[in-house]
Every structure is written in structure tokens, then in C-alpha cells.
Amino acid sequence: MSTFDSTDAATAGAILTIDLGALVANWRALGARAGAEAGAVVKANAYGIGIEPAVTALARAGCRSFFVAHLSEGIRVRSVAPDAAVYILNGLLPDTCGVYAEHGLSPVLGSHEELLEWASFRQTGAQVRPAALHVDTAMNRLGLWPGEGLNLARERSGVIAAAGIGLVMSHFASSEDEADPANARQIAAFAEIAAAFPDTPASLKNSSGHFLKDCPSYQLTRPGYALYGGNPTPGQANPMQPVIGLEARIIQLREVEPGTQVGYNGRWTAKSRRKLATICLGYADGYPRNASWTDTVTGGSALVGGVICPFVGSVSMDLIIVDVTDAPAGAAVRGASVTLIGGSLDIETVGAGAKTVGYEILTSLGRRYARRYVGL
Ligand SMILES: *Cc1c(COP(=O)(O)O)cnc(C)c1O
């Protein structure tokens with residue numbers, strides 16, 4: 001067992017396997033592709049796989065820059081990566097500078113107010129790491145307007161110098177869609193910003209950014225999703241190695257006659273004689289309820305003995321019912337494991353079955369699974 005394993009597999013209904021070797025291989029592959037330093041975005045508990053094991057593995061492999069959303073997540077990264085740069089993407093909330101100083105964290109400053117507050121904190125003589133400056137080139141979410149960024153860059157002695165900026169960055173709005181003209185506009189807007197800060201390292205690429213044509217890598221990239229096996233090139237073959245696998249056990253089997261209604265509110269009706277298996281996982285484990293099948297709406301599925309078997313009826317809190325009529329008889333037996341994520345059921349397919357994106361499947365991964373960390 002690895003130090004980070006939780007819940008004994010013998011007592012859990014479902015097992016989540018996390019391949020830290022594949023995580024590290026994906027990080028190396030992205031860095032090689034970029035020809036620049038690859039950082040790692042480990043927000044949201046490292047996209048669900050566990051911040052401490054992910055950061056420990058990546059830091060040992062040589063990753064020196066981590067990005068999280070919240071200050072609380074940054075403190076967790078610091079606890080296992082004492083030397084790395086740790087950037088807090090959500091920016092500087094009022095009166096938190098002391099926490100940054102205490103844990104050696106770096107705010108990603110995205111407004112004039114944030115710059116001023118950080119600069120005055122530094123002027124008190126506080127020992128802090130360099131901050132990052134966020135310029136918004138499309139999202140209208142966080143960051144300075146590009147014009148504001150350019151103006152501040154020209155006033156070299158002003159607030160930028162006082163704030164101690166060690167990185168300038170921007171974030172893509174639709175890099176997974178190569179055909180979106182917004183990409184070229186963002187690349188051009190950020191090129192101006194980077195040129196205005198010639199002595200400061202720059203960072204633009206998220207996962208999909210690594211696969212965009214005509215996009216410079218600058219000094220540092222910020223992959224998240226692709227590290228965890230998500231496909232950064234949707235619609236094309238996934239260049240990344242799968243990192244997670246999810247298996248749940250069959251509790252009961254039954255055969256139902258045509259016309260039988262199944263699950264809460266009888267939303268699904270058998271059209272012929274079907275063999276059903278009830279498995280040990282549900283929406284309380286983070287498997288979306290939107291993956292329910294009804295008589296009119298399609299949903300998620302499981303791999304049983306290598307065969308794709310659709311769910312039937314509503315996803316319950318702790319249980320899902322699967323139509324195993326077409327599965328090999330030996331695979332659909334009491335106690336057997338079925339695959340929810342793995343093989344042809346990759347994260348994108350699971351997301352599509354639940355009318356969402358793979359990102360949400362990852363970040364919803366439940367806390368009741370036995371988690372097995374392998375591959376290192
Ligand atoms: C989440 C995030 C990333 C990582 O994006 P992926 O698409 O998961 O690679 C990079 N930069 C910023 C600012 C982010 O918020």
C-alpha cells in the first residue's frame with residue numbers, strides 16, 4: 001500500500017486506482033512538447049486525484065511550479081513541496097497577505113487593487129516570494145485589461161516594481177477548439193504583453209494550448225486536465241496516458257419481464273426480458289445523477305467483461321442499475337467488478353454520458369472509494 005491509500009479495498013464498494021507513474025509521464029511529455037518548463041495545475045484536490053500524492057510525485061520528478069485556485073490549497077501544496085513556487089490563481093483576497101508570507105505562496109494579482117495591496121505589504125519589509133500578474137485576454141473573469149497591463153509595464157518604477165512581479169500570464173478561453181478564432185486573438189494580445197515585460201518569465205498554455213499551432217510556450221506552461229489523462233485534443237486520439245480507473249462491485253442480479261419499471265420513479269421500462277445488475281456506487285460517490293437513463297434520455301454505462309452495458313433508470317445515491325443482458329455470463333455475477341472509468345470508457349466518454357465535461361467527472365471523484373495509488 002502507498003502512504004496515501006485510503007479505505008481498505010475489501011470493505012469498499014468501489015475502487016479508484018490512480019496511476020502516479022502515468023501522471024509523471026504526462027507531465028514530462030507536455031514539458032517536452034512545449035520545449036519549456038511545465039508547471040502543474042493541482043487545484044481542486046489535483047482535479048480529484050489527491051493534492052498531496054500528485055504534488056509529491058510531480059515534485060520528485062522535478063516539477064518546480066504549482067498552481068492552485070485557493071490559498072487553502074496552496075498551504076497543502078507547500079506541506080509536501082517545501083521549495084516549489086506555488087501560485088494562487090484566484091488572486092489576492094483582502095487581508096490575506098500575511099498568509100502568503102507565512103507559507104511562501106505567490107498570489108496571481110489580477111487587478112489594480114490587488115497590486116496596490118500586495119505592493120504596500122511588501123513595503124512593510126515582509127519577506128515574500130515573487131507574485132504573478134494576470135492579464136485577461138478573453139475570459140472577462142480575472143486579470144487586468146490588456147491595455148491596463150501595457151500601461152503599467154511602461155511605468156517601470158510604479159506599482160509593478162513595488163509588487164515584485166516574477167511571472168506574467170494569461171488564460172485561454174477555448175484552446176481545446178483549434179478552429180476558434182479567439183485563440184489567435186489571445187496569442188497576439190499576450191505577445192504584446194510579454195514583449196512589454198521583457199525581463200519577466202511568461203506563461204500562457206493550459207493543457208490544450210500545448211497542441212495549438214503557432215502558440216509560443218514562453219518560459220512556463222500550466223497544464224492541468226491533460227496531466228490527469230484528460231484529452232487535450234477532443235475529437236482526436238488522446239495523446240495522454242490514462243491516470244485513473246474506477247471499478248465497482250456487483251451486489252445483486254435479477255431478470256425482469258417486458259414492461260417492468262426500474263429505479264426511483266420508474267423512469268425506465270424494460271422493452272424485453274432483461275438481466276440487470278445493481279452496482280455499489282452512486283451520486284454520493286460523485287458519479288453524476290445526470291447519467292441516469294430514462295425511457296427518453298440516454299445516460300452513462302459500465303464495461304462488464306469488456307462489453308459496454310448501459311445504466312437503466314435513475315442513478316441513486318449509493319447504487320446504479322446496469323443492463324448486463326449482453327455481457328458475458330461469467331462477468332455479470334455477484335461480487336464481480338465492473339469498470340466505470342477505464343478502457344473505452346475514458347473520461348470524455350463518461351462526461352458525455354452525464355451531459356458534462358471530463359473535467360467535472362474528475363473533480364467530482366468521491367471520497368468513499370478505496371483509493372489505490374500505483375505506478376511509482
Ligand atoms: C485551471 C487553469 C489551468 C489549467 O487548465 P487545463 O485546461 O486543465 O489544462 C491553467 N491556467 C489557469 C489560469 C487555470 O485556471
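These legends go with close-up views of the pockets and cavities in a predicted model.

**View 1. The largest pocket and the residues around its centre.**
Start with the roomiest open spot: the largest pocket has a volume of about 390 Å³. Its lining takes in 24 residues. If you want to find the middle, look for K43, Y47, R141, H171 and N206, which lie nearest the centre. Sorted by class, the lining of this pocket comes out as 12 nonpolar, eight polar and four charged residues.

**View 2. The second largest pocket, set between two domains.**
Next up is the second largest pocket, with about 280 Å³ of space inside. Here 18 residues make up the lining, and N45, G48, L365, R367 and R371 are the ones nearest the centre. By class, that lining splits into eight nonpolar, six polar and four charged residues. Why does this pocket lie between domain 1 (20–228) and domain 2 (244–374)? Both domains give residues to its lining, so the pocket ends up between them.

**View 3. Helices and a strand in the lining of the second largest pocket.**
Staying with the second largest pocket, this view picks out pieces of secondary structure. Helix 2 (43–47), helix 3 (51–61) and strand 19 (370–374) each put at least two residues into the lining. Which element gives the most to it? That would be helix 3, with three residues.

**View 4. The largest cavity and its lining.**
Now for the enclosed spaces: the structure holds two cavities of 30 Å³ or more. The largest cavity has about 50 Å³ of space in it. Around it you'll find L246, D285, G286, Y287, P288, I341, V350, I361, L365 and Y369. Eight of these lining residues are nonpolar, one is polar and one is charged. L365 may ring a bell: besides lining this cavity, L365 is among the residues nearest the centre of the second largest pocket.

**View 5. The second largest cavity, lined by residues including H134 and L142.**
The last stop is the second largest cavity, at about 40 Å³. Its lining is made of H134, V135, D136, M139, R141, L142 and H171. By class, that gives three nonpolar, two polar and two charged residues. Two names here take you back to View 1: R141 and H171 line this cavity, and both are also among the residues nearest the centre of the largest pocket.

Technical notes:
Residues numbered from 1 in each chain as written. Predicted model: local features only at pLDDT ≥ 70, side-chain atom pairs only at ≥ 80, totals over all residues. Heavy atoms only, no water. 1 Å grid on protein atoms, 1.4 Å probe; cavity = no way out; pocket = protein on both sides within 12 Å on 5 of 7 lines; lining within 4 Å. Points joined across faces, edges and corners; volume = space filled by probe spheres on them. Nonpolar A, V, L, I, M, F, W, Y, C, P; charged D, E, K, R; others polar. Helix = DSSP H or I, 4+ residues; strand = E, 2+ residues; numbered from the N terminus. Domains from an automatic or database assignment.
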